[in-house]
Amino acid sequence: MDIEKIIAEVLRRLETEIVSNAAGKRDDEGKAKVLLISRERSRGHHLSEKINTLQAHYRIEYAEDTSLKDAHQIAIIADLDDSGLAKMTSGIFDEAYLAAIHEAILKGKDILLNKDSLEIFRSKDTAPFAFFKFYEKKLEVLEAWGIQVLSLDEILDYLKAGSDKDCLGREIYGKNLMKRVVTDRDIREALEEGQKVVTVLPHTIITDIAKETAAKEGVDIVVCKE
């Protein structure tokens, strides 16, 4: 093959790759940023199987690579363990991983905790009831701080769904909870206001603790029709 043709082909492919990479970079920079806080990034932060789904809509950055700037409104706590949960709720943030969570809380980020990483949930059926309730109370503390305790699938739904539209023109029953996630705190606030009925959006995620509180206290959850 003519050497000039080979050189021309190499240059053509190089130019194509450069243009493609530049376009990809522009697309990536246009996406909203999500900060991933992971104890060990090398472990795959428990999102590895579905990270491509997230990257289609969000620019994923890691706490160890960047400071917690205002650009990261959403932060995901990927692999918190039971020990870390106990430390956090006792006000102890004595390692880099926990310090990043502490900073995210102070900066008012929308924080999503992947509860699938907690051993206590995987041992719910075998651990002593009192032991499980001990950690369940710890999770209630996090919810009171505004941290949303969700399964991985719920986190993915939260990120993919974006903000749902309000049910404009629809009848609202009881307390209006038009938000993406309803927590135990939301149900308890409704009770404090004397409300025994709350209205949510069709795709609202209701945490397990919130469902338990609603069932225990007799709060009806009405889904607003689209």
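The following exercises, each with a worked solution, concern a predicted model of a protein chain.

**Exercise 1. The chain as a whole**

Task: State how many helices and strands the chain has, and what share of its residues is buried.

Solution. Step 1: The secondary structure comprises nine helices and ten strands. Step 2: Of the 226 residues in the chain, 39% are buried. Step 3: The chain exposes about 12,900 Å², of which carbon and sulfur atoms supply 50%. Step 4: Among contacts between residues at least 6 apart in sequence, 70% join residues at least 24 apart.

**Exercise 2. The two sides of helix α4**

Task: Identify the buried residues of α4 and explain how they are arranged around the axis.

Solution. Step 1: Helix α4 spans residues 96-106, and its buried residues are Tyr97, Leu98, Ala100, Ile101 and Ala104. Step 2: These residues lie on the same side of α4 because they cover an arc of only 155° around the axis. Step 3: An α-helix has 3.6 residues a turn, so residues three or four places apart point the same way. Step 4: Ala96 and Leu106, on the other side of α4, are exposed. Step 5: The packing partners of the buried residues are β1 (32-37), β3 (74-77), α3 (82-88) and β4 (110-114). Step 6: Just after α4, Gly108 adopts a positive phi of about 70°.

**Exercise 3. Ile92 in the loop before α4**

Task: Determine whether Ile92 is buried, partly exposed or exposed, and which residues it contacts beyond its sequence neighbours.

Solution. Step 1: Ile92 belongs to the loop between α3 and α4. Step 2: Its relative accessible area is 37%, so Ile92 is partly exposed, given that this class lies between the cut-offs of 20% and 50%. Step 3: With neighbours within four places in sequence set aside, Ile92 is in contact with Lys87 and Leu98. Step 4: Leu98 is one of the buried residues of α4. Step 5: From Ile92 to His102 the C-alpha to C-alpha distance is 9.2 Å, and the two are ten residues apart in sequence.

**Exercise 4. Thr204 and the largest pocket**

Task: Locate Thr204, list its contacts beyond four places in sequence, and find which of these contacts line the largest pocket.

Solution. Step 1: Thr204 sits in the loop between β8 (197-200) and β9 (205-206). Step 2: A relative accessible area of 13% makes Thr204 buried, since the cut-off is under 20%. Step 3: Beyond four places in sequence, Thr204 is in contact with Lys179, Arg180, Val181 and Val182. Step 4: The lining of the largest pocket includes Lys179, Arg180 and Val181. Step 5: This pocket holds about 150 Å³ of space, and its lining divides into three nonpolar, three polar and five charged residues.

Key:
Residues numbered from 1 in each chain as written. Predicted model: local features only at pLDDT ≥ 70, side-chain atom pairs only at ≥ 80, totals over all residues. Heavy atoms only, no water. Buried < 20%, exposed > 50% of the residue type's maximum accessible area, 1.4 Å probe, protein only. Helix = DSSP H or I, 4+ residues; strand = E, 2+ residues; numbered from the N terminus. Arc of directions from axis to C-beta. Contact = heavy atoms within 4.5 Å. 1 Å grid on protein atoms, 1.4 Å probe; cavity = no way out; pocket = protein on both sides within 12 Å on 5 of 7 lines; lining within 4 Å. Points joined across faces, edges and corners; volume = space filled by probe spheres on them. Nonpolar A, V, L, I, M, F, W, Y, C, P; charged D, E, K, R; others polar. Areas by Shrake-Rupley, 256 points an atom, 1.4 Å probe, with all protein chains shown as cover.
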